[in-house]
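Biologist: I would like to go through this model with you, from single residues to the whole chain. Could you take my questions in turn and reason each one through?

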Amino acid sequence: MKKYWKKAARVIVLALAVAAMFCVQAFASGDVSGAISQAWTGASSQIKSVVNDVVFPALDMILAIAFFGKLGMAYFDYRKHGQFEWTGPAILFACLVFTLTAPNYIWGVVGL
């Protein structure tokens, strides 16, 4: 067992030595914050269109499927036990309304 740990330690040390050998230090020269700000300004419209056209509709679809599935399960539980559980469908409905209306106000909150 002791041989195994020695061998494992050697392999780890060798891997770290090889990784250290291939690492290169990067020094920033110039105005880094200006470059980042300029890149964000250029990419913000693309990010906004992707989020509006892809991310929010995907979230809406997932939440709508989950809402109607949970509503159906709650109905079947009501038929079985005689008590309707509103918590799950209500939370999913609130999340669905939030994601459906989010593109109208989220960019004002973010600052775009």
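Biologist: What is the relative accessible area of Lys 70, and is Lys 70 buried, partly exposed or exposed?

Modeller: Please keep in mind that this is a predicted model. Lys 70 lies in helix H2, and, leaving aside neighbours within four places in sequence, Lys 70 is in contact with Gly 88, Pro 89 and Leu 92. Since buried means under 20% relative accessible area and exposed means over 50%, the class of Lys 70 is partly exposed, at a relative accessible area of 34%.

Biologist: How far apart in space are Lys 70 and Thr 87, C-alpha to C-alpha?

Modeller: In sequence, Lys 70 and Thr 87 are 17 residues apart. Helix H2 covers 32–81 and helix H3 covers 87–110, with Lys 70 placed in H2. The C-alpha to C-alpha distance between Lys 70 and Thr 87 is 10.0 Å.

Biologist: Which residues does Tyr 78 touch, not counting those up to four places away in sequence, and how is Tyr 78 classed by accessibility?

Modeller: Tyr 78 has its place in helix H2, and, with residues up to four places away set aside, Tyr 78 touches Gln 83 and Phe 84. As the partly exposed class runs between 20% and 50% relative accessible area, the 40% of Tyr 78 makes this residue partly exposed.

Biologist: Which side chain of opposite charge is nearest to Asp 60, and how far away is that side chain?

Modeller: Asp 60 is found in helix H2 and, beyond its neighbours within four places in sequence, is in contact with Leu 96, Thr 99 and Leu 100. Asp 60 is buried yet has no salt bridge. A salt bridge would need a side-chain nitrogen of Lys or Arg within 4 Å of a carboxyl oxygen, whereas the nearest side chain of opposite charge to Asp 60 is Lys 48, 16 Å away.

Biologist: Is Thr 99 buried or exposed, and at what relative accessibility?

Modeller: Thr 99 lies in helix H3, and, leaving aside neighbours within four places in sequence, Thr 99 is in contact with Phe 56, Asp 60 and Leu 63. Because buried means under 20% relative accessible area, Thr 99 counts as buried, at 9%.

Biologist: Which helix gives the most to the nonpolar surface patch, and with how many residues?

Modeller: The patch, of about 650 Å², is made by Trp 40, Ile 47, Phe 98, Tyr 105, Val 109, Val 110 and Leu 112. Helices H2 and H3 each supply at least two residues of the patch. Val 109, one of the patch residues, is found in helix H3 and counts as exposed at 64% relative accessibility. The helix that gives the most to the patch is H3, with four residues.

Biologist: Why is the protein said to be more spread out than a compact globule, and what is its radius of gyration?

Modeller: The protein has three helices and zero strands, following the pattern α-α-α along the sequence. The globule rule gives 13 Å for 112 residues, and the radius of gyration is well over that, so the protein is more spread out than a compact globule. Along its principal axes, the C-alpha trace spans about 65 × 55 × 20 Å. The radius of gyration itself is 26 Å.

Biologist: What share of the 112 residues is buried?

Modeller: The protein exposes about 9300 Å², of which carbon and sulfur atoms supply 70%. Among contacts between residues at least 6 apart in sequence, 59% join residues at least 24 apart. Buried residues make up a share of 12%.

Conventions: Residues numbered from 1 in each chain as written. Predicted model: local features only at pLDDT ≥ 70, side-chain atom pairs only at ≥ 80, totals over all residues. Heavy atoms only, no water. Patch = residues over 30% accessible without salt bridge, like charges linked within 9 Å, V, L, I, M, F, W, Y side chains within 5 Å. Areas by Shrake-Rupley, 256 points an atom, 1.4 Å probe, with all protein chains shown as cover. Buried < 20%, exposed > 50% of the residue type's maximum accessible area, 1.4 Å probe, protein only. Rg over C-alpha atoms; globule rule 2.2 N^0.38 Å. Contact = heavy atoms within 4.5 Å. Lys, Arg positive; Asp, Glu negative; His and termini not counted.
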